[in-house]
Each structure stands twice: as C-alpha cells, then as structure tokens.
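Welcome, and thanks for opening the viewer. Please keep your selection tool at hand, and we will go from stop to stop together.

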Amino acid sequence: MGCCSARAQPRYWRSRDPRHLGAEIGFFSVLHTWDQRLQHHPHVHCVIAAGGLAPDHSGWISSRRSFFLPVKVLERVFRGKFIAGLKTAFLDRKLEFHGPLASLTEPRCFAAWLRVLFRHDWVVYSKQPFGGPEHALRYLGAYTHRVGIANSRLVALADGNVSFRWRDSAHGNKKRVMSLPVHEFLRRFLLHLLPPGFVRIRNFGFLANRQRARLLPLCFSLRGSRPDRSTLAPQQPTRSTVLPKCPLCGGTMYVTERLSSAQLLVRPPPLPDGSAA
C-alpha cells in the first residue's frame with residue numbers, strides 16, 4: 001500500500017510505458033483522515049494489483065519482484081500532481097485561509113509557499129503486504145465505512161472529560177488511555193466528518209466502476225484463475241450448511257459480522273424507516 005496520485009484517465013502514470021510495466025493497471029484508494037489520537041492526519045491508502053492488462057487486452061503482464069514503478073518516481077509524481085491540484089484549486093478560489101495562514105490569500109505569498117513545498121522530498125511508502133493481499137483488503141475493509149473512533153475504544157465520560165484507548169505506534173504499539181475535555185474530543189471527532197457527497201473510496205483502471213464488470217473477469221481468465229469469493233463472504237454453503245434467503249430479493253444471505261450482547265447494547269437503534277443510523 002502507498003500514497004499516490006493519478007490522472008482521471010484510464011492510462012495512469014507511466015505504467016503503460018514498456019520501460020516500466022507496459023500494461024493497464026487497476027487499483028483502488030481509500031482516504032483516511034485520522035490517527036489513533038483523533039488528530040487531523042489525512043492520508044491515502046492505495047492497493048494496486050501486481051501487474052496489468054496488455055494494451056490490446058490479449059494477455060496479463062506480471063510486474064517484476066521489485067514492483068513496476070520505482071518509489072522515487074512515485075514520490076515525484078505524487079508531489080507534482082498534488083501541488084498542481086493546489087494551484088488549480090487556488091485559481092478557482094476553492095481554497096480558504098484563516099488565522100496564521102490568512103496571508104496565503106495573496107497570490108505571491110501562495111506561490112512562495114508552494115515553492116517551499118516543492119523543494120522538499122515527499123514520502124511514498126510502498127511495499128508488498130506482509131500477510132498477503134487478503135490481509136491488506138481485510139485491513140482496509142474494516143475502515144471504509146467507519147468513523148474516526150469505534151465505540152469499543154471509549155472508556156469513560158466523567159468530570160467533563162472523555163477517556164479513550166489509543167495505540168502508541170511510536171513505542172511498540174503499546175495501548176494507552178487518553179483523556180480529553182469534552183469540547184476538545186468533539187472538535188477532533190468533527191474534523192473527520194466529510195462534506196456531503198465527498199467520495200472517500202475511488203477505483204481506477206480495470207477496477208473502475210464503468211469497466212470492472214467487463215475487465216475484471218478478463219483479468220481472472222487471462223491469469224487462469226477465478227474470483228476468490230472467500231473475501232466477499234466468510235462462509236460458503238456446504239452440504240451441512242443451509243444459508244437463509246433474503247425475504248425481499250430472494251438472494252443468499254451471508255453472515256458478515258457476529259455481535260455479542262455487550263456490543264449490541266452500545267450500538268444506536270435503527271431509524272424508524274429501517275435504514276441504518
């Protein structure tokens with residue numbers, strides 16, 4: 001997984017360049033905005049297939065063991081694309097600056113600030129997942145539709161303070177408890193409520209919504225395999241297992257999560273119309 005940026009076109013970066021991979025790639029990205037202490041920490045996780053479709057879709061081209069795009073290339077492309085996006089947003093008057101950043105509303109100050117950003121090396125962390133692709137997908141899948149903090153991490157609300165558990169990654173992932181005044185806890189929590197209509201998960205290449213139904217089966221066919229549905233459903237029907245049918249559509253229902261009675265007590269009740277809260 002790594003942070004990266006791409007044009008909104010099917011031919012991403014230099015992956016089609018024969019000097020790198022010479023193929024059409026597919027990947028998806030998930031935006032996260034928080035860290036364990038609920039502070040503002042926007043970052044993007046990208047999961048990229050280790051290969052891609054030949055330009056004429058006649059075969060599958062696997063990447064080298066060292067992956068198909070050098071990290072240094074990703075760093076420079078990401079930096080260039082991100083800063084170009086900032087310039088466009090500034091010219092379109094989509095950026096607002098307040099407090100100590102108010103001076104950046106002046107074009108010359110903003111241009112000088114961008115020059116400083118461009119002089120620094122930007123970091124892209126890209127590697128193969130230790131637990132394989134299933135581990136990476138399972139990790140990201142747990143966060144795609146969740147908020148900044150789970151109810152299970154909340155410890156107490158007392159004397160005007162909220163206490164919650166957090167993992168200190170700088171010290172061996174040791175679990176600690178942090179207490180914040182209610183107003184500061186709410187401020188941090190509200191930092192991660194995205195605007196209406198904001199798209200947090202995006203799919204590209206042969207995983208793009210408009211192409212996935214056609215190109216993804218082709219990828220499996222060219223690789224001589226078929227989709228592993230174990231990542232979609234925890235358990236498949238067997239002779240000794242009879243899975244229930246949906247009373248509305250008649251489709252097979254799979255168990256995606258099992259909750260204890262304690263977990264059910266801390267979850268909000270469903271809305272009157274039956275939709276999720």
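Is Phe78 buried or exposed, going by its relative accessibility? Select Phe78 and show its surroundings: the residue counts as buried, because its relative accessibility is 15% and the cut-off for buried is under 20%. One thing to keep in mind as you look around is that this is a predicted model.

**The whole chain**

Zoom out and switch to a cartoon view. The protein chain has six helices and eight strands. Followed along the sequence, these elements come in the order β-β-β-β-α-α-α-β-β-β-α-β-α-α. The chain has 277 residues, and buried ones make up 30% of them.

Now turn on a surface. The protein chain exposes about 19600 Å², with carbon and sulfur atoms supplying 57% of that area. If you look at contacts between residues with a separation of 6 or more, 52% of them involve residues 24 or more positions apart.

**Helix H1 and its surroundings**

Go back to Phe78, which has its place in helix H1. Next, add Val123 to the selection. Phe78 and Val123 are 45 residues apart in sequence, while their C-alpha atoms are 9.1 Å apart in space.

Stay with the helix and select Lys72 and Glu75, whose side chains meet in a salt bridge at 3.6 Å, N to O. How many residues apart are Lys72 and Glu75 in helix H1? They are three residues apart, so about one helical turn separates them. Color the two by accessibility: Lys72 is partly exposed, with a relative accessible area of 48%, whereas Glu75 is buried, with 13%.

Then pick Arg79 and Phe118. The charged end of Arg79 sits over the ring of Phe118, 4.5 Å from the ring's centre.

**The aromatic stop**

Show the side chains of the aromatic residues. The structure holds nine aromatic pairs. One of them is formed by Phe90 and Phe110, which are stacked, with 4.0 Å from centre to centre and 5° between the planes. This pair links distant parts of the chain: Phe90 belongs to helix H1 (residues 71-91) and Phe110 to helix H2 (residues 107-119), 20 residues apart. Both Phe90 and Phe110 are buried.

Widen the selection to include Phe97 and Trp113. Together with Phe90 and Phe110, these residues form one aromatic cluster.

**Two hairpins**

Move on to the strands. Select strand S5 (residues 154-158) and strand S6 (residues 161-168), which run antiparallel and are joined by four bridges. For a sample of this pairing, pick Ala156: its bridge partner in S6 is Ser163. S5 and S6 form a hairpin with two residues between them. Click on Asp159 in the turn, which has a positive phi of about 55°.

Now add strand S7 (residues 174-181). How many bridges join S6 to S7? There are eight, and these strands run antiparallel. Here you can pick Phe164, whose bridge partner in S7 is Met178. The hairpin of S6 and S7 has five residues between the strands, and Gly172 takes a positive phi near 70° there.

**More salt bridges**

A search of the whole structure finds four salt bridges. You have already seen the one between Lys72 and Glu75.

For another, select Arg176 and Asp168. Their side chains meet at 2.9 Å, N to O. Which of these two is buried, and which is partly exposed? Arg176 counts as partly exposed at 30% relative accessibility, and Asp168 counts as buried at 9%.

For the last stop, go to helix H4 (residues 182-190) and select Arg188 and Glu184. The side chains of Arg188 and Glu184 meet in a salt bridge of 2.8 Å, N to O. The two are four residues apart in the helix, so they are separated by about one helical turn. Both Arg188 and Glu184 are buried. Finally, add Arg187 to the view: Glu184, Arg187 and Arg188 are linked in a network of salt bridges.

How values were computed
Residues are numbered from 1 along each chain as its sequence is written. This is a predicted model: local features need pLDDT of at least 70, side-chain atom pairs count only at pLDDT 80 or more; totals for chains, interfaces and linings use all residues. Side-chain values use heavy atoms; hydrogens and water are left out. Rings of Phe, Tyr and Trp (its six-membered ring) pair if their centres lie within 6.5 Å; planes under 30 degrees apart count as stacked, over 60 as edge-to-face and the rest as tilted. Buried means under 20% relative accessible area, exposed over 50%, partly exposed in between (1.4 Å probe, protein chains only). A charge sits over a ring if NZ of Lys or CZ of Arg is within 6 Å of the ring centre and within 35 degrees of the ring normal. Contact means heavy atoms within 4.5 Å. Accessible areas come from the Shrake-Rupley method with a 1.4 Å probe; for residues, only the protein chains shown count as cover. Two strands pair if DSSP finds at least two bridges between them.
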